[in-house]
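Trainee: Could we go through this model term by term, setting each value against the definition behind it?

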Amino acid sequence: MEDAAFPHLGESSQPLPWACPPRCSCPRADMVDCDGRDLRVFPNNITRAAQHLSLQNNQLQELPYNELSRLSDLRTLNLHNNLISSEGLPDEAFESLTQLQHIYVAHNKLSVAPQFLPRSLRVADLAANQVTEIFPLTFGEKPALRSVYLHNNQLSNAGLPADAFHGSEAVTTLSLSNNQLSYLPPSLPPSLERLHLQNNLIAKVPRGALSRQTHLRELYLQHNQLTDSGLDATTFSKLHRLEYLDLSHNQLAAVPAGLPRTLAVLHLGRNRIRQVEADRLRGARGLRYLLLQHNSLGAAGLPAGVLRPLRGLHTLHVYGNGLERVPLALPRRLRSLVLPHNRVAVLGARDLTSTPGLAELNLAYNRLASARVHRRAFRALRALRSLDLTGNQLTRLPSGLPIGLHTLRLQRNQLRALEPEPLAGLDQLRELSLAHNRLRVGDIGPGTWHELQALQVLDLSHNELSFVPPDLPAALEELHLQSNRISHVGPEAFLSTPGLRALFLRANRLHMTSIAPEAFLGLLHLHVVDTTGNPEQVLVQLPPTAPRRPRAWGP
């Protein structure tokens with residue numbers, strides 16, 4: 001674990017006026033850097049004045065007591081990524097290191113933690129070992145200790161003594177993720193601000209286990225085995241500064257009770273929640289991000305108005321559920337609504353009127369058909385910038401699209417025709433994806449692109465186009481035409497797009513001379529022309545003034 005207190009130990013080409021171990025560098029009298037020197041034994045001749053010693057990325061198996069104990073001025077000891085076992089790390093050696101502040105022993109082979117670490121310690125990193133047990137004075141009685149990293153070990157609750165942090169009242173960060181804990185450890189430091197417990201076997205948070213952690217701001221409990229019975233109404237109620245709570249990837253069937261008012265981010269994805277009850281969220285009025293993806297929310301999973309008390313809610317993620325309608329009466333300040341992979345089949349005239357400030361709406365991979373999308377469904381969304389309707393059953397462009405749109409995604413529908421009316425007024429649209437539809441050039445009405453003055457990216461790939469559509473927008477920079485039926489590119493194909501930078505024509509029906517030599521004249525910014533996957537290698541001629549980076553690829 002990197003720490004800002006660890007100095008940079010650089011190489012020096014100048015002769016040193018002080019002793020330095022062979023194969024190491026000593027840029028200052030108090031720094032010894034033996035990082036990555038393939039050392040198998042502890043280097044001798046380390047000056048007693050050393051305050052910062054780096055031995056990381058070697059193959060050390062043990063630290064000799066007599067060598068380590070004489071370095072009484074050490075502030076930083078970095079042993080990261082070696083082969084040191086618990087037997088090779090003598091407890092007695094630390095007794096004389098009374099100034100030690102930072103110790104890094106991550107990625108070694110420790111089976112138990114050192115029984116004693118110096119009282120002066122500020123940061124201890126023992127992550128990624130095989131530690132099964134720590135002791136009362138490993139981290140206890142350390143008044144200056146701030147950060148402890150024990151993730152990726154084999155700690156069970158039996159290996160954590162009740163007084164593990166007694167006398168260490170300044171610890172703000174504790175990482176116990178990726179261990180074998182079955183319940184939240186008691187007697188955690190009351191000073192904690194960040195607590196990582198993800199990827200354990202935790203099925204229960206004992207009553208009162210978090211009652212003293214009133215400074216906690218971030219709590220990570222994802223990827224555990226928590227059920228509703230493993231939490232109660234008091235579990236989080238005393239956490240008056242909690243801002244971030246991750247309970248995703250558990251087995252919860254309901255939103256936990258007693259959530260604090262300060263909570264800003266709540267992750268509940270990949271649980272078994274069937275319905276969100278209004279009283280469970282009433283206390284969390286400061287919530288800004290609510291993530292409910294991949295639960296079991298059905299038609300009645302989000303009753304109308306259940307989220308309305310969350311007046312500051314910015315983002316709602318409910319993708320991968322079974323919702324049949326857009327939830328009604330959502331908070332007015334909602335900016336991002338993410339609903340892909342549900343069963344939404346209807347979009348009524350008033351379904352979205354409660355969220356006039358919405359900037360992002362994602363309804364991809366639902367069951368929307370054109371006949372069931374009301375012509376005024378989007379009219380209230382004047383702030384909308386991104387609309388994703390990918391993977392539905394639309395046969396025509398929706399009407400009444402907000403004129404402020406920047407991104408419109410309609411790929412993987414059943415579009416057979418494009419008319420200019422639905423795109424009228426979209427003069428701020430920058431990206432339009434129409435890939436994987438059934439479009440033919442003859443079904444693209446005249447003037448369809450006329451008002452798309454800001455369009456930079458147009459994706460028409462995987463359609464049934466037989467040639468490049470005419471009169472494309474002048475601002476276009478990236479044009480995707482791959483996997484169509486294009487067999488010829490005429491000399492005037494790109495006259496309307498002088499700023500084109502990238503053109504994708506792969507997997508069409510082009511032959512060696514299918515592209516007219518004059519087709520790219522005037523395209524001074526063109527630097528990508530992809531013609532791979534055609535029946536023959538295609539001859540591409542760029543204008544002499546074009547950059548020399550462009551390449552044309554063969555089949």
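Mentor: Let us begin with the largest pocket, whose volume is about 160 Å³, a volume being the space filled by probe spheres set on grid points that are joined across faces, edges and corners. This is a predicted model, in which local features need pLDDT of at least 70 and side-chain atom pairs count only at pLDDT 80 or more, while totals for chains, interfaces and linings use all residues. Residues are numbered from 1 along each chain as its sequence is written, and side-chain values use heavy atoms, with hydrogens and water left out.

Trainee: What makes a set of points a pocket and not a cavity?

Mentor: On a 1 Å grid over the protein atoms alone, a cavity is a set of points where a 1.4 Å probe fits but cannot get out, whereas a pocket is an open set with protein on both sides within 12 Å along at least five of seven lines, and lining residues have an atom within 4 Å of a point. The lining of the largest pocket includes Phe378, Arg379, Gly400 and Glu421.

Trainee: How do the residues of that lining divide into nonpolar, polar and charged?

Mentor: They divide into 7 nonpolar, 2 polar and 3 charged, where Ala, Val, Leu, Ile, Met, Phe, Trp, Tyr, Cys and Pro count as nonpolar, Asp, Glu, Lys and Arg as charged, and the others, Gly among them, as polar.

Trainee: Why is leucine 226 called buried or exposed?

Mentor: Leucine 226 has a relative accessible area of 0% and is therefore buried, since buried means under 20%, exposed over 50% and partly exposed in between, with a 1.4 Å probe and protein chains only. Leucine 226 lies in the loop between strand E9 (218-220) and strand E10 (244-246), strands being DSSP runs of at least two residues (E) and helices runs of at least four (H or I), numbered from the N terminus.

Trainee: And which class does histidine 436 fall into?

Mentor: Histidine 436 has 27% relative accessibility, so it counts as partly exposed. Histidine 436 also has a positive phi of about 55 degrees although it is not a glycine.

Trainee: What makes the pair of phenylalanine 139 and phenylalanine 165 an aromatic pair, and what is its class?

Mentor: The structure holds 3 aromatic pairs. In the pair of phenylalanine 139 and phenylalanine 165, the rings are 6.0 Å centre to centre with 10 degrees between the planes, and the pair is stacked, because rings of Phe, Tyr and Trp (its six-membered ring) pair if their centres lie within 6.5 Å, with planes under 30 degrees apart stacked, over 60 edge-to-face and the rest tilted.
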